[in-house]
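Welcome! Below are some exercises for getting to know a structure, each with a worked solution. Have a look at the sequence and the model before you start.

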Amino acid sequence: MLIPGCGSGYEVVAFTQAGHEVHAIDFSRPAVARARQPSGSGAGRTDYRGGDFFTHDFAPASFDFIYERTFLCARPVAWRARIVQRNGELRKARGSLLGIYFSGETTEGPPHGLSSAAAAALFPPPFTFTLDLPLPDEESLPIFKGSERWQERYRGH
Ligand SMILES: C[S@@+](CC[C@H](N)C(=O)[O-])C[C@H]1O[C@@H](n2cnc3c(N)ncnc32)[C@H](O)[C@@H]1O
């Protein structure tokens, strides 16, 4: 699994403890330095990188899952297609995109909400939803409350 824009990495810990091999990157080196190392039995493996998601050489890794939370919405709207393209370069052919996406309307951002219409344009067929669920309010920071969804997509053939 790859986590772009992992920040200080609470989700890295969760996925690693669930047994995944997690590669996480953030270009904020202080955030990566603060990131917690998972512990506990049955844990997977974690590899934190300080660097730029767009240019970092992840070879030989290619990923079954690319997970994100507040990465796409924190970047300028004009960067969205570039993020999707980069995900495509790093994902295995049958790999999935998953994450918690912010769909709220904002007059200025970041965060920039991804409306369902914008998501449909960004992930046209053969992208397919495998899961699209509202996030319980108590799981969101106040700014995101009521407007976050857990979504999973893969690109069919
Ligand atoms: C809003 S934070 C989200 C952090 C974490 N995912 C969370 O939910 O708490 C966005 C993160 O993306 C990182 N970021 C932005 N552009 C990046 C890039 N090109 N490469 C790597 N990290 C990037 C920022 O440094 C920041 O830590």
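**Exercise 1. Overall size**

What radius of gyration does the protein have, and what would a compact globule with 157 residues have?

Solution. Keep in mind that this is a predicted model.
- Step 1: a compact globule with 157 residues would have a radius of gyration near 15 Å.
- Step 2: the protein has 15 Å, so the two agree.
- Step 3: for the extent in each direction, the C-alpha trace spans about 40 × 40 × 25 Å along its principal axes.
- Step 4: buried residues account for 26% of the 157 residues.

**Exercise 2. The order of the elements**

Work out how many helices and strands the protein has, and in what order they run.

Solution.
- Step 1: the secondary structure comes to four helices and seven strands.
- Step 2: reading from the N terminus, the order is β-α-β-α-β-β-α-β-α-β-β.
- Step 3: now turn to contacts between residues at least 6 apart in sequence; 63% of them join residues at least 24 apart.

**Exercise 3. The nonpolar cores**

Find the largest nonpolar core and the elements that give two or more residues to it.

Solution.
- Step 1: the largest nonpolar core has 15 residues, and Met1, Ile3, Val12 and Val22 have the most contacts inside it.
- Step 2: two or more residues each come from strand E1 (2-4), helix H1 (10-17), strand E2 (21-26) and strand E4 (63-69).
- Step 3: another core, of 10 residues, lies apart from this one, and its members include Leu72, Ile83, Leu114 and Ala119.

**Exercise 4. A closer look at helix H1**

Which residues of H1 are buried, and what do the buried residues pack against?

Solution.
- Step 1: Val12, Val13, Phe15 and Thr16 are buried in H1.
- Step 2: the buried residues of this helix pack against E1, E2, strand E3 (45-50) and E4.
- Step 3: take valine 12 as an example. Leaving out neighbours within four places in sequence, valine 12 is in contact with Ile3, Cys6, Val22, Ala24, Ala35 and Thr46.
- Step 4: after H1 comes glycine 19, with a positive phi near 105°.

**Exercise 5. Pairing with strand E7**

Describe how E5 and strand E6 (residues 127-134) pair with E7.

Solution.
- Step 1: E5 pairs with E7 in the antiparallel sense, over seven bridges.
- Step 2: leucine 97 stands opposite arginine 153 of E7.
- Step 3: E6 and E7 also run antiparallel, joined by seven bridges.
- Step 4: threonine 128 has tyrosine 154 in E7 as its bridge partner.

**Exercise 6. Unusual backbone spots**

Where are the cis peptide bonds around proline 110, and what is the sign of phi at threonine 70?

Solution.
- Step 1: the bond from glycine 109 to proline 110 is cis, with omega near 0°.
- Step 2: the next bond, from proline 110 to proline 111, is cis with omega near 5°.
- Step 3: proline 110 sits in the loop between strand E5 (91-102) and helix H4 (116-122), and proline 111 lies in the loop between E5 and H4 as well.
- Step 4: threonine 70 has a phi near 50°, a positive value in a residue other than glycine. Threonine 70 is found in the loop between E4 and H3.
- Step 5: threonine 70 is partly exposed, because 19 other C-beta atoms lie within 10 Å, whereas a buried residue needs 20 or more.

**Exercise 7. Two glycines**

Are glycine 88 and glycine 156 exposed or partly exposed?

Solution.
- Step 1: glycine 88 belongs to helix H3 (residues 80-90). Glycine 88 has 13 C-beta neighbours inside 10 Å, so it counts as partly exposed.
- Step 2: glycine 156 lies in the segment after strand E7 (148-155). With 9 C-beta neighbours inside 10 Å, glycine 156 counts as exposed.
- Step 3: setting aside residues up to four places away in sequence, glycine 156 touches Pro126 and Thr128.

**Exercise 8. Around the ligand**

Which of the 16 residues around the ligand come nearest, and how is the shell made up by class?

Solution.
- Step 1: Gly5, Gly7, Ser28, Phe53 and Arg69 come nearest.
- Step 2: sorted by class, the shell has nine nonpolar, four polar and three charged residues.

Notes:
Residues numbered from 1 in each chain as written. Predicted model: local features only at pLDDT ≥ 70, side-chain atom pairs only at ≥ 80, totals over all residues. Near = placed C-beta within 6 Å. Nonpolar A, V, L, I, M, F, W, Y, C, P; charged D, E, K, R; others polar. Rg over C-alpha atoms; globule rule 2.2 N^0.38 Å. Buried ≥ 20, exposed ≤ 12 C-beta atoms within 10 Å, placed from the backbone. Contact = placed C-beta atoms within 7 Å. Core = buried A, V, L, I, M, F, W, Y, C linked by C-beta atoms within 7 Å. Pairing = 2+ DSSP bridges.
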